[in-house]
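Look at the sequence and the structure together. The text that follows goes through a few parts of them in turn.

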Amino acid sequence: MMTQFIVRRVLYMIPTLIAISIVTFLIIQAPPGDYLTTVVAKLEAEGAYVDRSQLDALRERYGLDDPLWSQYWTWISGIVTEGDFGRSLVYDAPVADVIQDRMGFTILLSLSTLAFVWAVAIPIGMYSAVKRYSIGDYAATFVGFLGLAIPNFLFALVLLYVSHRYFGQSVGGLFSPEYEDARWNLGKLLDLLAHVWIPVIIIGTAGTAGMIRIVRANLLDELNRPYVTTARAKGLPERRLLVRYPSRIAASPIVSTIGWLLPSLISAEIIVSVVLSLPTTGPVMLKALESQDMYLAGGFLLILSVLTVIGTLISDILLARLDPRIRYGKR
Amino acid sequence: MSVRKTLSTITTATSIGPADLPVTSRRRFLRDATVVGVTVSGASTLSACGFFSTDADSGDDDSGEAEDGAKEAPSLAQQVEDGTLPPLEERLPTEPLVVEPVEEIGTYGGTWRTYFGGPDDGNAFNPINYEGLVRWAREYTGAVGLDEIIPNLATFEVSEDGSSYTFHLLEGVKWSDGEPFTADDIMFWYEAVLLNETVTPAAPPWLTSGGETVAVERVDDYTVTFTFATPKAFFLHSMAHLGEGVKVCEYPRHYLEQFHPDHNDDAEQAAADAGYDDWVALFDMGNPGTRRHDTNMPRLTPWVMTDPPNSGSRAVAERNPYYWKVDPEGKQLPYLDEVVYALSEDPEVSLLRALDGEVDLEHRHLNQGDNYPLVYEGQEDGDYRLMTYNYDSMNIAEIQLNLTHQDEVKREIFTDKDFRIGLSHAINRQEIIDLVYNGQGEPWQTSPLQETPFYHEQLATQYIEYDVDLANDHLDQAGYTERNGDGIRLGPDGEPIVINLTTRSGVFNWTDVGELLTDYFREVGVELRVDPVSGELATETRDSNQHDAVFGSGLGGRAALIVPWNYVPISPAAGFGVGWSQWYQGVPDAGEPPEPVRRQFELWDQVVATFDPGTQEELFGQILDIAAEGFYQIGIATPRPEFAVVKNSMRNVPDEMPSGSPYPNPAPYNPEHFFKDE
């Protein structure tokens, strides 16, 4: 049953991915101009200008004048047959290398943020649910909404200022200048920890707020169920009861968010990363889109889409295992 | 009479002979320096290694103390001692170029810390990559003639008519890997790059004249001659221009040969193996920033890239051991060990770093918004001072209505001179200056700046008074007297007159200026809609002639002849006459410009084919007369000076210098002789 379900879902993925790749490519090509426009704009600021014939020749060399379908075919056939995503025009390096270069810190940041969100949100959410309408619940709700309401980039700027003003820390990035290229040692690790809390808190706050509400709402639904009353009547200790039964069911919405987790591992928080100059993939993706570095942008969008699709599949499978009431498709 | 410029005729670079280098004393000091170097590195080894150390472990332990009188950096002296580097006199040219210090003789060591915006932020590296055959004089004013072009890697002679240029290369200059720099390198650039149709599909305008590409001839090992078919007015200016002539000295033959099929039969295969589409992609790395990311590439610059900008979150350039310039005492430059660029993708981060005192010398990203008071007040806390950059622009924002608009109605409205005069009188320039630019600058139309020989009074001051009644008179005179219910004037088609101003967001405070203009124009019955977009989109909209109006940045305020498009629309950067520029560049179907503009083009063609500065000035004056009469664009005010933060420990940095295209500040002030007094 399970296998059949998985196979069917994987087969559905294929047309989805083809559609995604086409849409992705069209979106990248949609804005007027191309990468050379960026080059022209830069040269002009330097007081130089490119002759029209030179521009035409460059367009031809990059294949920017080819019809859309032919550009698409070159791109997609490279990916499918050789796993070659093409070269980034801005970075002057294979797209895969550019993305890989920044993967480590991106994953580190995403996982730390996730750990932070879960570690903070789940206990608070459970507390809020159990002690509903208490002062603690109101306080948690208040802080949670505040976290949701403050735009991330603003929060980032405020924390930057605070760390610059009161901690005398080097601003932006994940390391102080002297550790940037240093070999790994305890000092570098401590330096990293001294910097990484800012993005983790910023990105985590909004997530935490949402998560607190979800956990609270789900748990509240469960707490009034007859089985809870029964268990309580039978004398099960309150704490054990809470953790063993309602919490498990309340966890299913959390599991379904794993589907979004996978792509966010790659993209991180773009705006926050730009504001903080983090060495993650977010700013690279933004820059690729801005400067119409089409292969890099396309590569990013495609990978993100694929990860979303795969993530959704994984969370569906997990959900199915966690909660037998979820059916394996049509019957 | 021909022009001849040698090293002895200029003041910033005088030559000294080998006899001036006190070889014996140098040796002794080297030995001393070495001893110190060893002790220090031993100490740092003890403290810095091991995982549980909390010190930054840079991985190299060759730092040492410079001894007074040492002619080279301690790290290099150590390498000479170790036998991994030839002694100094073998690395320097026979007559090294001497850099006259701004303040004093410096000491070795230290880091120049700054930042860059990303791998495509090539301009960040301009200050350390400015080594062409010739260069701009430090006090550049944009004057005509050759007074402000000084020898660098070569001295030069010019034939009387300005069609033939002979360069005598400085003998004994070496690439950063120790190979000699000779006429063969120039010839390699000429044959393998310029004449190769795959690398250079079309020769750039600065290398053509009379429709023909320049001919370069090798006279001997250290002499090359550039010959044009007809006289070429600004060839030496182009040779001093970072984006143009400096390229000539960026192609080390011995290294690049391996990537070129003319010299290596396997080049095509090698490129394919390295994952490139074709050999050109590998040869020039596909980008205008030629091989900036290649750390193996030999260079002639004071520092060479060791950590490229396209990976990681910083870029580092380290001392070039074969650098060919010295100070008046014969000490090899550069003084500073390295230049470190931290990645800063957001201007606010750059600003905070500067305020924190983590930036030694930089101006980029800082000259925006209301930063000036903040940076000014932070001087004491951040332990830095401010340097003035006199930006080479004559206007903060020229309103360029599209006079070649594809829409007939809009074209009819915009080309009406009375309409433009009306708008000009409607602008409260002093208010813009006070509100947006901290009261700095004065109302200005679009003439070159007052201190230049090209200052044109009519072009600077006509229609500049703020007078709403006068503005309404002119707009009425233009025939747009009918208004709709909102008080907006109706165009010839009966629709309200609307101007969509496409402007780059995030630069020059243009969005703020646009907001003010909206109010002023509404006052006289014209609707302005400001549309702030990314720089790329704004450029593309303008270059494809799809804009109603754009802002121009007033480039060429001093260097009017080098960056002339604000006065004669030869390039689409002239947003008021994109269609005319297309016609001039020979784009098929481009509409013929009106008679005065055609006359401007004729005059410009004469300017670039004349070598005599007097005639150039006279012809350009006529071009400005036509520009003034035509009143093609509306100016607002002269720009405020830019500022750079300079760490107090940075020395030999002047208080003031020119900036902006084509002057790659601070490069003409020889950053290689900046040093840190700590």
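In the hairpin that β6(B) and β7(B) form, five residues lie between the strands, and B:G162 takes a positive phi near 75°. This is a predicted model, and the values below are computed from it. The two strands of the hairpin cover residues 154–158 for β6(B) and residues 164–169 for β7(B), and they pair in the antiparallel sense over five bridges. One position can be used to find the pairing: B:E157 has B:T166 in β7(B) as its bridge partner.

Strand β7(B) also pairs with β11(B), residues 223–227, again in the antiparallel sense and over five bridges. Here B:T166 stands opposite B:T225 of β11(B). B:T166 is therefore a useful residue to look for, being the bridge partner of B:E157 and standing opposite B:T225. Strands of a sheet pair through backbone hydrogen bonds, and the pairing can be parallel or antiparallel.

Chain B also has an open sheet of four strands in the order β3-β15-β13-β12, with mixed pairing. Which strands stand at its edges? They are β3 (111–116) and β12 (303–307) of chain B; each has a single partner strand, so one side of each is left without a neighbour in the sheet. On average, neighbouring strands of this sheet are turned by 25° against each other, direction ignored. The partner of β3(B) is strand β15 of chain B, residues 338–343; the two run parallel and are joined by six bridges. Within this pair, B:W112 stands opposite B:V339 in β15(B).

Another open sheet of four strands in chain B has the order β18-β21-β19-β20, and its pairing is mixed. Its edges are taken by β18 (398–401) and β20 (527–533) of chain B, and because each has a single partner strand, one side of each has no neighbour in the sheet. Neighbouring strands here are turned by 30° against each other on average, direction ignored. β18(B) pairs with β21(B), residues 549–552, in the antiparallel sense over four bridges. In that pair, B:F551 of β21(B) is the bridge partner of B:I399. A helix belongs in this picture too: α18 of chain B, residues 535–543, lies across β19 (498–504), β20 and β21 of chain B and runs at about 130° to β19(B).

Chain A offers a pair of helices. Helix α1 (residues 2–29) and helix α16 (residues 294–322) of chain A pack at an angle of about 155°, with their axes 10 Å apart. Angles over 145 degrees count as roughly antiparallel, which makes α1(A) roughly antiparallel to α16(A). Their crossing is right-handed. Which residues meet where α1(A) packs on α16(A)? Among them are A:I6, A:M13, A:L17 and A:F25 in α1(A), and A:L301, A:V309 and A:L313 in α16(A). By class, the contact has 14 nonpolar, six polar and two charged residues.

It remains to ask how far the model can be read. The model scores ipTM 0.70 and pTM 0.79. Chain B has a mean pLDDT of 85, and 89% of its residues reach 70 or more. Over residues 8–49 of chain B, however, pLDDT stays under 50, and the model has 70 contacts beyond four places in sequence for this stretch. For residues 60–64 of chain B pLDDT also stays under 50, with 17 such contacts in the model. Where pLDDT is low, the predicted coordinates should not be read in detail.

Definitions and conventions
Residues are numbered from 1 along each chain as its sequence is written. Chains are lettered from A and ligands numbered from 1 in the order in which they are written. This is a predicted model: local features need pLDDT of at least 70, side-chain atom pairs count only at pLDDT 80 or more; totals for chains, interfaces and linings use all residues. pLDDT is the predictor's confidence in each residue, from 0 to 100. Two residues are in contact if their C-beta atoms, placed from the backbone, lie within 7 Å. Axes are lines fitted to C-alpha atoms, for helices over the stretch in contact, and angles run from 0 to 180 degrees between N-to-C directions. Angles under 35 degrees count as roughly parallel, over 145 as roughly antiparallel, 65 to 115 as roughly perpendicular and the rest as oblique. A crossing is left-handed if the near helix is turned anticlockwise from the far one by less than a right angle, and right-handed if clockwise. Ala, Val, Leu, Ile, Met, Phe, Trp, Tyr, Cys and Pro count as nonpolar, Asp, Glu, Lys and Arg as charged, and the others, Gly among them, as polar. Two strands pair if DSSP finds at least two bridges between them.
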